[in-house]
Amino acid sequence: MGAGIVRNRVFLLSDKVYLLDMENGTEIWSYSSPFKNAGRTSPVYDDQLNRLFVVFDKGIIAALDFNNGSEIWLKSLSESPGCSPLLSKYFYVIAKDGKLYAFDKQNGNSIWVKTLEESSFSAGSLAINKKYLFAGYKKSINCLNPENGNLIWKSLPDVYMEGTFGAVDDSRFYSISSDKIIALDINNGSILWVFNLPTSNLTTTLTLHADNVLVNGFKIFALKRTTGQFVWSKNGYAAPYGPITVSNNIAYFGYLDGAGLSALKLPGNYTGKTWNFYRSDLANSSYLPE
Amino acid sequence: MKNRLLNIVISISFLLLAGCESDNFLPYELDNENLGRSSPDIPYYLWTESFTENNLGYAAIVGGKLVALSWDGSAYCMRTSNASLLWKQTTPVSYD
């Protein structure tokens with residue numbers, strides 16, 4: 001499940017796609033997959049086309065008119081999605097069989113398909129910066145040309161990439177797995193630093209904010225982007241859960257077991273953009289790194 | 001007597017667990033969360049709100065409002081300033 005906010009509208013995907021009025025939560029339209037399957041990924045919104053792109057569990061991609069939810073095109077992946085899609089010049093998504101797809105946003109035509117690894121049933125992660133597309137899948141991190149899918153480098157760090165999240169800035173690609181955080185040089189894939197987590201944690205995500213990588217494990221903590229050096233940590237009221245969303249130098253995050261949501265004022269007075277995991281940031285153009 | 005022994009065992013277990021966490025996690029001398037909010041280098045909580053028994057996952061923020069999703073298909077909209085709940089919308093969700 002995922003959601004976002006665009007122009008005073010909230011979109012979310014559960015068993016169907018919903019568009020809600022931000023003012024009162026009332027439903028404006030909903031859309032069901034033609035195969036009646038639900039979605040666990042985050043929809044993405046394209047400002048130029050005014051379209052919402054959704055990937056359902058069985059690998060069905062739908063491009064919808066944002067105003068009324070009408071279907072513009074439908075495409076199928078070879079398998080269920082292995083991650084939430086990514087929107088840039090093209091629409092990118094990884095299927096669970098290791099195929100990475102780039103589709104034309106306008107008509108859904110295939111631009112290119114790249115097989116990351118011949119294997120089945122795994123999850124991956126996608127991130128993009130101004131030059132490269134990064135795809136984490138199983139034990140590999142792949143840096144590709146976003147235009148044609150050509151492989152620039154492939155790194156095989158000792159990290160199992162399933163259920164991981166990646167983030168990228170102009171110098172480094174960061175990935176978090178169940179037991180460590182790594183930073184790679186985006187130009188050649190060499191490992192710049194590794195931060196070992198003390199305990200296996202399946203809910204970890206990371207966000208890039210100011211000079212730091214913000215991580216939610218069973219604490220919230222910050223590492224220096226350049227060195228991986230520990231900066232600060234803060235206990236949550238329970239085990240932090242899900243991505244950290246940052247706005248106005250305040251980090252918002254939820255907890256496991258229904259323990260709620262917290263707002264944590266971050267040190268400093270950083271006012272620049274934040275690389276939030278959360279896809280709604282694409283809509284207000286802060287998804288890409290500053 | 002049994003209960004007292006049990007309590008002691010549980011207490012010792014917790015102490016051991018606490019010790020393990022300190023040793024295993026971030027360097028203790030750098031684990032600065034107890035330094036309070038007087039330092040500009042230390043994060044501090046503005047609020048924590050609990051309004052659902054389900055896990056809250058994704059959150060999006062625009063214009064001083066935050067929308068959070070829980071895994072039961074509910075969306076919660078609240079003010080970022082004080083976490084006051086503006087509305088809740090529940091959508092059906094089924095897990096295979």
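This note sets out numbered points on the fold, one sheet and the salt bridges of the structure above.

1. Basis of the note. The model is predicted, so local features need pLDDT of at least 70 and side-chain atom pairs count only at pLDDT 80 or more, while totals for chains, interfaces and linings use all residues. Residues are numbered from 1 along each chain as its sequence is written, chains are lettered from A and ligands numbered from 1 in the order in which they are written, and side-chain values use heavy atoms, with hydrogens and water left out.

2. Chain A as a whole. Chain A contains one helix and 27 strands. These elements are DSSP runs numbered from the N terminus: helices are H or I with at least four residues, and strands are E with at least two. Of the 290 residues in chain A, 63% are buried. Here buried means under 20% relative accessible area, exposed means over 50%, and partly exposed lies in between, with a 1.4 Å probe and protein chains only.

3. Surface and contacts. The exposed area of chain A is about 10,200 Å², and carbon and sulfur atoms supply 45% of that area. Such areas come from the Shrake-Rupley method with a 1.4 Å probe; for residues, only the protein chains shown count as cover. Among contacts in chain A between residues at least 6 apart in sequence, 40% join residues at least 24 apart; a contact means heavy atoms within 4.5 Å.

4. A four-stranded sheet. Which strands of chain A form the open sheet of four, and in what order? The order is S13-S14-S15-S16, with antiparallel pairing. Two strands pair if DSSP finds at least two bridges between them. Strand S13 (124-128) and S16 are the edge strands, each pairing on one side only. From one strand to the next, the twist averages 15°; for such angles, axes are lines fitted to C-alpha atoms (for helices over the stretch in contact), and the angles run from 0 to 180 degrees between N-to-C directions.

5. Strand S15 and its neighbours. S14(A), residues 133-137, pairs with S15(A) in the antiparallel sense over five bridges. S15(A) also pairs with S16(A) in the antiparallel sense, over four bridges. In the hairpin of S14(A) and S15(A), two residues stand between the strands, and Lys138(A) takes a positive phi near 50°. The hairpin of S15(A) and S16(A) has six residues between the strands, and there Gly149(A) takes a positive phi near 80°.

6. Cover of strand S15. Are the residues of S15(A) mostly covered or mostly uncovered? Five of the five residues of S15(A) are buried. Ser140(A), Asn142(A) and Leu144(A) point one way from the strand, whereas Ile141(A) and Cys143(A) point the other way. Leu144(A) has Leu151(A) of S16(A) as its bridge partner.

7. Cysteine residues. Cys143(A) has a relative accessible area of 0% and is therefore buried. Its bridge partner in S16(A) is Trp153(A), and Cys143(A) is in turn the bridge partner of Phe134(A). Cys77(B) is likewise buried, with a relative accessible area of 0%. Over all chains, the structure holds zero disulfides, a disulfide being a pair of cysteine sulfur atoms within 2.5 Å.

8. Salt bridges between distant parts of chain A. There are seven salt bridges over all chains, each defined as a side-chain nitrogen of Lys or Arg within 4 Å of a carboxyl oxygen of Asp or Glu. One of them joins Asp47(A) and Arg7(A) at 3.8 Å, N to O. Asp47(A) lies in the loop between strand S5 (44-46) and strand S6 (51-55), and Arg7(A) in the loop between strand S1 (2-6) and strand S2 (9-13), 40 residues apart. Asp47(A) counts as exposed because its relative accessibility is 51%, whereas Arg7(A), at 48%, counts as partly exposed.

9. A second loop-to-loop pair. Glu147(A) and Lys89(A) form a salt bridge at 3.1 Å, N to O. Glu147(A) is in the loop between S15 (140-144) and S16 (151-155), and Lys89(A) is in the loop between S9 (86-87) and S10 (91-94), so the bridge ties together parts 58 residues apart in sequence. Glu147(A) is partly exposed at 38%, and Lys89(A) is partly exposed at 48%.

10. Further salt bridges. Asp97(A) and Lys99(A) meet in a salt bridge at 3.8 Å, N to O. Asp97(A) is buried at 16% relative accessibility, while Lys99(A) is partly exposed at 28%. In addition, a network of salt bridges links Asp169(A), Arg172(A) and Arg225(A).
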